[in-house]
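Visitor: I would like to know what stands behind the labels on this model. Could you take me through a few of them?

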Amino acid sequence: MIKPLIKWLALIGLAFFVSSCAKTESKVLHIQGQTMGTYYQVKYVLSANQQSKASLSIDALQAQIDQRLELVNDQMSTYRVDSELSRFNQAQESLIVSDATRYVVESSLTLFKQTDGAFDITVGPLVNLWGFGPDKKPNKVPSEQLIAAKRKMVGSQYLSVNANRLIKSIPELYLDLSSIAKGYGVDVIAEYLQQLGINSYLVDIGGELRVNGFKPANKQWTLAIERPVAGQNVQRLIHIGNNAIATSGDYRNYFESDGIRYSHTIDPKTGKPINHKLVSVTVINKSSMLADGLATAITVLGPEAGLLFAKKQQIPAFLLVKEGDDFIEYYTSEFEPYFLEEK
Ligand code: ADP
Ligand code: MG
């Protein structure tokens, strides 16, 4: 996965926070690390009582979080040759996988059906062909012949799940969970924090975020949807309550050939990178995994069909579209309550 340190369209938890609050004596702690080819960060609030627990210290918690993220990588990364996913990709017929991988694959199959095939984790061979997979860096446009050959290997109709067994009906089937695994990783960490009795946090993997509770002094976590303009890079400030939020955008992950930009998001119907004026799609959902998957799905659908889909499915979605030199906002009524101020 080619990931910049801070995606330009990523949501940034830039809220300024006080690291301790005298009145409540609660405190914000901050963990940072690397995972899935990008950064991650966790901010969590401890009460005075919790602060005395060694198990909740930054070092102790970071070790536990890193261990859990490692596990997700061992399960779902196409960048690890011996991950469960890679072993399934190499298998001729089937493989028994963990509950976690099964859950993410099943959720992906539901998204495939819900989006009429726009979201499809079997696009792996095309992602690799266009140079956005683990194999090589993007640099040239593949021939129509090669695209047609790879398209024959793509389609979630060739994939099924029986208990924990993933089954392929064509041996070439190759799964790529890059569009949804970061979101899943965020959910894993958020749920782990909840288990520990930590109810106020912000979890961020490469711009996919989930927040819960409040900062000290009952302040909300303020997030920003980025604007692709130097110097004025906040498009909107939002408060999302106890929810997750994901942004898909292609500004940084593309390659350019003869002045044309090729995106890392592939339209399974054409076998080619999407080509429209959508600069970013932001989705809010309880589940970070679903927010991540839906943001990618709406990106594939494009500005018109994507917005229509979000409206029909009543998804809180925010689309930024380049029209001439302007960036025009389109959003569903479900997104409106999250804006911090009117425009
Ligand atoms: P980002 O947050 O970096 O914009 P996304 O979550 O949108 O990334 O996922 C993009 C990745 O998903 C691509 O790099 C590719 O591996 C994979 N992908 C590309 N096209 C599709 C598709 N139509 N359905 C599912 N996954 C896709
Ligand atoms: Mg995604």
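Guide: Gladly! Let us start with burial: a residue is called buried when its relative accessible area is under 20%, exposed when it is over 50%, and partly exposed in between. Please keep in mind that this is a predicted model.

Visitor: Why is Arg210 called buried?

Guide: Arg210 has a relative accessibility of 13%. The cut-off for buried is under 20%, so Arg210 counts as buried.

Visitor: What makes Arg210 and Glu191 a salt bridge?

Guide: The rule asks for a side-chain nitrogen of Lys or Arg within 4 Å of a carboxyl oxygen of Asp or Glu. The side chains of Arg210 and Glu191 meet at 3.3 Å, N to O, so the pair fits the rule. Arg210 sits in strand 7 (residues 208-212) and Glu191 in helix 7 (residues 181-195), so this bridge ties together parts that are 19 residues apart in sequence.

Visitor: Is Glu191 buried, partly exposed or exposed?

Guide: Glu191 is at 43% relative accessibility, so the label is partly exposed.

Visitor: Which residues are joined into one network by salt bridges that share partners?

Guide: Glu70, Asp74 and Arg80 are the ones joined. Glu70 pairs with Arg80 at 3.0 Å, N to O, and Asp74 pairs with Arg80 at 2.8 Å, N to O. Across the whole structure, a search finds eight salt bridges.

Visitor: What does the pair of Glu70 and Arg80 tie together?

Guide: Glu70 belongs to helix 2 (residues 58-76), while Arg80 is in the loop between helix 2 and helix 3 (84-90), so the bridge links parts that are 10 residues apart in sequence.

Visitor: How do you know that Glu70, Asp74 and Arg80 are partly exposed?

Guide: The relative accessible area is 38% for Glu70, and Asp74 is at 38% relative accessibility. Arg80 has 23%. Partly exposed lies between the 20% and 50% cut-offs, so the label holds for Glu70, for Asp74 and for Arg80.

Visitor: What makes the protein atoms around the magnesium ion (ligand 2) its donors?

Guide: Donors here are N, O and S atoms within 2.8 Å of the metal. Ser179 (O), Asp292 (O), Asp292 (OD) and Thr296 (OG1) lie 2.0 to 2.5 Å from the ion, so they qualify. In sequence, the donor residues follow the spacing S-x112-D-x3-T.

Visitor: Why are Asp292 and Thr296 separated by about one helical turn?

Guide: Because they are four residues apart in helix 8 (residues 288-301). Asp292 counts as buried at 2% relative accessibility, and Thr296 is buried too, with 13%.

Visitor: Where is there a patch of negative charge?

Guide: On the surface, where Glu304, Glu323, Asp325 and Asp326 gather. Patch members need over 30% relative accessible area and no salt bridge. Asp326, in strand 17 (residues 326-331), has 48%, and is therefore labelled partly exposed.

Visitor: And why is Leu202 called buried?

Guide: Leu202 has a relative accessible area of 1%, and buried means under 20%, so the label fits. Leu202 lies in strand 6 (residues 201-205). The C-alpha atoms of Leu202 and Val186 are 9.5 Å apart, with their positions 16 residues apart along the chain.

Note on methods: Residues numbered from 1 in each chain as written. Chains lettered and ligands numbered in written order. Predicted model: local features only at pLDDT ≥ 70, side-chain atom pairs only at ≥ 80, totals over all residues. Heavy atoms only, no water. Patch = residues over 30% accessible without salt bridge, like charges linked within 9 Å, V, L, I, M, F, W, Y side chains within 5 Å. Areas by Shrake-Rupley, 256 points an atom, 1.4 Å probe, with all protein chains shown as cover. Lys, Arg positive; Asp, Glu negative; His and termini not counted. Charge placed at Lys NZ, Arg CZ, Asp CG, Glu CD. Helix = DSSP H or I, 4+ residues; strand = E, 2+ residues; numbered from the N terminus. Buried < 20%, exposed > 50% of the residue type's maximum accessible area, 1.4 Å probe, protein only. Donors = N, O, S within 2.8 Å, 3.2 Å for Na, K, Ca; no water.
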